[in-house]
Amino acid sequence: MTEKHPVFRDLVVANRILANENIVDAYGHVSIRHPDNPKRFLLARSRAPELVDEDDIIEFTLEGEPVNDNRQPYLERFIHGAIYEQRPDVQAVVHAHAEDVLPFGISPTPLRPVIHSGSFMGANVPVW
């Protein structure tokens, strides 16, 4: 058995923490830029984050293609690759399905503060 890079364990821990803290659901995931090759990134195979272990980690090109691996990857791996390609300073990406904020990105109605603690948003909040 070949020894895995130490960041594999870090990626497993990141998956488990994000799942435990309800940051990501069963479909959310985290990737990291490969520490030895900035044109690659590491992401688990398509699996619930609370179940990820070191053997689930797959290496990808920035185009989202698995490197010598035929296991089922996440469909969203292309998002990760595109971010790493455009932003060399980014070292990790978390993709989550934040259902609580979806209405503010899909409705044409702008969000607006209605109590004093919402004033940090300003008078005009864009619809994303």
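Helices and strands here are DSSP runs, numbered from the N terminus, with at least four residues for a helix and at least two for a strand. By that numbering, asparagine 70 falls in the loop between S3 and H2. The model is a predicted one, and the tour returns to this loop after a look at the whole chain and its aromatic residues.

**Whole chain**

Start with everything shown as a cartoon. Three helices and four strands make up the secondary structure, and their order from the N terminus is α-β-β-β-α-β-α. Turn the view along the principal axes: the C-alpha atoms occupy a box of roughly 60 × 30 × 25 Å. The radius of gyration is 17 Å, whereas a compact globule of 128 residues would come near 14 Å.

Now colour by burial. Of the 128 residues, 31% count as buried. Switch to a surface: about 8500 Å² is exposed, and 55% of this comes from carbon and sulfur atoms. For contacts, take those with a separation of 6 or more; residues 24 or more positions apart account for 44% of them.

Next, select the charged side chains. There are 12 positive and 19 negative ones in the protein. The centres of the two sets lie 2 Å apart.

**The aromatic cluster**

How many aromatic pairs does a search of the whole structure find? The search finds two. Select phenylalanine 41 and phenylalanine 60 for one of them. Their ring centres are 5.3 Å apart and their planes meet at 15 degrees, so this pair is stacked; the cut-off for stacking is planes under 30 degrees apart. Phenylalanine 41 belongs to strand S2 (residues 40-44) and phenylalanine 60 to strand S3 (residues 57-61), so the pair ties together parts that are 19 residues apart in sequence.

Are these two rings buried or exposed? Phenylalanine 41 has a relative accessible area of 0% and is buried. Phenylalanine 60, at 0% relative accessibility, also counts as buried.

Keep phenylalanine 41 selected and add tyrosine 84. These two form a tilted aromatic pair, 5.3 Å centre to centre with 35 degrees between the planes. The pair links distant parts of the chain, with phenylalanine 41 in strand S2 and tyrosine 84 in helix H2, 43 residues apart. Tyrosine 84 has a relative accessibility of 1%, so this residue counts as buried, the limit being under 20%. With all three side chains on screen, Phe41, Phe60 and Tyr84 can be viewed as one aromatic cluster.

**Histidine 80**

Stay in helix H2, which spans residues 77-86, and select histidine 80. Histidine 80 is buried, with a relative accessible area of 0%. Which residues does histidine 80 touch, not counting those up to four places away in sequence? Show His29, Val30, Ser31, Phe41, Leu43, Val93 and His95. Phe41 in that list is the residue that pairs with tyrosine 84.

**Helix H3**

Move on to helix H3 (residues 103-106) and select phenylalanine 104. This residue is partly exposed, with a relative accessible area of 33%. Add valine 125 and draw a line between the C-alpha atoms. The two residues are 21 apart in sequence, and the line spans 9.7 Å.

**Asparagines in the loops**

Go back toward the N terminus and select asparagine 22, in the loop between helix H1 (7-20) and strand S1 (29-33). Its phi is near 60 degrees, a positive value in a residue other than glycine. Asparagine 22 counts as exposed, at 69% relative accessibility.

Then select asparagine 68, in the loop between S3 and H2. Phi of asparagine 68 is near 50 degrees, again positive in a residue other than glycine. The relative accessibility of asparagine 68 is 79%, so this residue counts as exposed, the limit being over 50%.

The last stop is asparagine 70, in the loop between S3 and H2. Is asparagine 70 buried or exposed? At 75% relative accessibility, asparagine 70 counts as exposed. Finish by adding lysine 39, which is 31 residues from asparagine 70 along the chain. The C-alpha atoms of asparagine 70 and lysine 39 are separated by 20 Å.

Conventions:
Residues numbered from 1 in each chain as written. Predicted model: local features only at pLDDT ≥ 70, side-chain atom pairs only at ≥ 80, totals over all residues. Heavy atoms only, no water. Buried < 20%, exposed > 50% of the residue type's maximum accessible area, 1.4 Å probe, protein only. Contact = heavy atoms within 4.5 Å. Rg over C-alpha atoms; globule rule 2.2 N^0.38 Å. Areas by Shrake-Rupley, 256 points an atom, 1.4 Å probe, with all protein chains shown as cover. Lys, Arg positive; Asp, Glu negative; His and termini not counted. Charge placed at Lys NZ, Arg CZ, Asp CG, Glu CD. Phe/Tyr/Trp six-rings, centres within 6.5 Å; stacked < 30°, edge-to-face > 60°.
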